[in-house]
Amino acid sequence: LVNPLPIVQATITNKTANGSQWIYDFTTHAGYPQLTTQNMAKFHGCSCFFSGVDGKLLPDHGWFGAVGGSNVLRIDDTHGQLLSAATATVGDKLALPIRGYGFPLMVKQSSTTRLEDIAFLSSSSLAVTFRYCSGDNYLRATIKRAPKPVGATEDPLFSTNADGLNYILSSGTLTLDQCNFGYMGDDGVNISAPAVTVSEVISNTQVRVIFDDATDLQRMVQMSEVGDVLRPLTFGTFTPRNELQLASITYDGTFAGALPTSISTHYSEVGATAPTTWYQATLTFSEPTVDTIHVGDVIALRWCYPDSYIIKNSTFHNTRARGLLLMAPDGVVDNNVIDYTYLPGILMGGEYPFGYGDYVRNMTVSNNTLTHTMISSVIGPNSQAIAAIQVGHSSYHRSNSYTWVQGNENVQIFNNDIDYTYSAGIAVNGLVNGLVQNNSINQSHIKHGTDAGVNKNLTAPFVITIMNSTGMAPTITVIAQNVETIYG
């Protein structure tokens, strides 16, 4: 419990038109961090508007980067102005998060952990994270907004300053059962692992790879074993590559060479700056590669993901991003309620612009209820988010018009109820073998239709949209409104 959260909270007291923008005068909330120059220097990029009526994230708004001295101006510690094109109302509230560190609970290098009936009320970062874990892991927990801190008259706006749960670089099994996560500053759940990037192809049985975190790369090396599965991923293909088996892996220390152009270009195309320091390892395969591996491709290590996982009988609501962000294979998502998410309720695919491997394979999503999803104003032509339940992603609009690290396999989506989403009910991109069947979709495309995702090589004009996919079973869907059904 970190109470209060490292978030400057405020209420809008006046608004003035200023050309294409508004000037919002605001007064900070007592009992929370104030508008000091020190706090303004540490704002991060996920500030939000909240309703002054129901205390929820304002629908049809998005998060924005608060920058002290630019779009956030300080009058004194308790008063300031926000310059924004977004439309809010006097009485609405602002959350201006400050970069926070540390977790209330970090499970690290553990084998078999059972956590039951735990409540997380206030976290300056994630609520709970698993790193380098194995064995059987179980979580039954609640994440909710804390009581008012001492001296405060306003309730907290967020429960966490980041995700609810991260399960990253961990194997074993994971079960989430009877959880209730709400008001997270990012995703409800993130199950994923980073991928390493090929920096040199030595032969058809050996490559050198780089990663920008020495500790994570060393852990990948230490915990890998002969025979582990490697999954190469490349630009420009929706077809899964042939998986490889590991013969050996060594950590080689700091990468001293020049960053290959294909890697630096990737960063520049997403408007980012490549890290200046990288670390290197050498991978040797047990047999020659069938598919050609190129510099700039990424390789996902199967050990880095859970052997299997299940998320069931749980509720995820009022999240600034996704309800569930799943980049790992062999998962079941059954009988959950997901309500009020800025982005997809369930996204199965890599989180971009870079860093994570896309390893969506052997997934079942069934008997879930999703309401009020995709309600952010970012849902439109430049969004990668296009549906309440989404398989596959697009990183950005590359010059060659291809997306990155697709190749999803065997995903089954059935018996889900979806009601009220700004774009499509279900979208599938880049899937080999799957099923979309007996889902009920009501009130799709509330705000957007054919425009969603078009600048990211995505499209979701139908209630159910399936693209770049093969081996799909027919989609038979009950739709209460927007009666359009397509067949894969």
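The dialogue below goes through selected features of a predicted model, one topic at a time.

Colleague: Let us begin with the strands at the start of the chain; which strands pair with S1, and in what sense?

Modeller: Strand S1, residues 7–18, pairs in the antiparallel sense with strand S6, residues 93–97, over five bridges, and eight bridges join S1 to strand S2, residues 21–28, which also runs antiparallel to S1. On the S6 side, Thr-11 has Lys-93 as its bridge partner, while on the S2 side Ala-17 stands opposite Trp-22.

Colleague: What should I keep in mind about the side chains along such a strand?

Modeller: In a regular strand the side chains alternate between the two faces of the sheet. As for the hairpin of S1 and S2, two residues lie between the strands, and Gly-19 takes a positive phi near 65 degrees there. Trp-22 also takes part in a charge-over-ring arrangement, since Lys-15 lies over its face at 4.0 Å from the ring centre. Another arrangement of this kind involves Arg-302, which lies over the face of Tyr-359 at 5.9 Å from the ring centre.

Colleague: How many aromatic pairs does the structure hold, and how is such a pair described?

Modeller: A pair of aromatic rings is described by the distance of the centres and the angle of the planes. The structure holds eight aromatic pairs, and one of them joins Tyr-24 to Phe-49, with the ring centres 5.9 Å apart and the planes at 65 degrees, so the pair counts as edge-to-face. Because Tyr-24 belongs to strand S2 and Phe-49 to strand S3, residues 48–50, this pair ties together parts that are 25 residues apart in sequence.

Colleague: Are Tyr-24 and Phe-49 buried or exposed, and which residue forms an aromatic cluster with them?

Modeller: Tyr-24 and Phe-49 are both buried, and Phe-64 joins them in one aromatic cluster.

Colleague: Turning to helix H3, which of its residues are buried, and where do they fall when seen down the axis?

Modeller: In H3, which covers residues 261–269, Ile-263, His-266 and Tyr-267 are buried. Seen down the helix axis, the buried residues fall within an arc of 95 degrees, so they line one face of the helix. Their packing partners are strand S15, residues 196–203, and strand S16, residues 206–211. After H3 comes Gly-271, with a positive phi near 75 degrees.

Colleague: Which residues have the most contacts inside the largest nonpolar core?

Modeller: The largest nonpolar core has 80 residues, and those with the most contacts inside it are Leu-176, Phe-181, Ile-299, Leu-326, Ile-346 and Met-348. If neighbours within four places in sequence are left aside, the contacts of Leu-176 include Leu-139, Leu-165, Phe-181, Val-189, Ile-310 and Phe-316. There is also a second, separate core of 18 residues, with Leu-35, Met-40, Ala-66 and Leu-94 among them.

Colleague: Which residues other than glycine have a positive phi here, and where do they lie?

Modeller: As background, most residues other than glycine have a negative phi, and most peptide bonds are trans. Gln-178 has a positive phi near 60 degrees and lies in the loop between strand S12, residues 173–177, and strand S13, residues 180–182. Tyr-420 likewise has a positive phi, near 70 degrees, but its place is in strand S31, residues 417–421. Gln-178 is partly exposed, with a relative accessible area of 47%, and Tyr-420 is partly exposed with a value of 25%.

Colleague: Finally, how do Asn-318 and Met-223 sit in their surroundings?

Modeller: Asn-318, found in strand S22, residues 315–319, is buried, with a relative accessible area of 4%. Leaving aside neighbours within four places in sequence, Asn-318 is in contact with Lys-56, Gly-182, Tyr-183, Met-184, Asp-339 and Tyr-340. Met-223 lies in helix H2, residues 214–223, and is partly exposed, with a relative accessible area of 21%. With the same sequence neighbours left aside, Met-223 is in contact with Tyr-132, Asp-228 and Trp-303. Met-223 and Ser-171 are 52 residues apart in sequence, and their C-alpha atoms are 10.0 Å apart in space.

How values were computed:
Residues are numbered from 1 along each chain as its sequence is written. Side-chain values use heavy atoms; hydrogens and water are left out. Two strands pair if DSSP finds at least two bridges between them. Helices (H or I, at least four residues) and strands (E, at least two) are DSSP runs, numbered from the N terminus. Rings of Phe, Tyr and Trp (its six-membered ring) pair if their centres lie within 6.5 Å; planes under 30 degrees apart count as stacked, over 60 as edge-to-face and the rest as tilted. Buried means under 20% relative accessible area, exposed over 50%, partly exposed in between (1.4 Å probe, protein chains only). A charge sits over a ring if NZ of Lys or CZ of Arg is within 6 Å of the ring centre and within 35 degrees of the ring normal. The arc is that of the directions from the helix axis to the C-beta atoms. Contact means heavy atoms within 4.5 Å. A nonpolar core is a set of buried Ala, Val, Leu, Ile, Met, Phe, Trp, Tyr and Cys residues joined through side-chain atoms within 4.5 Å.
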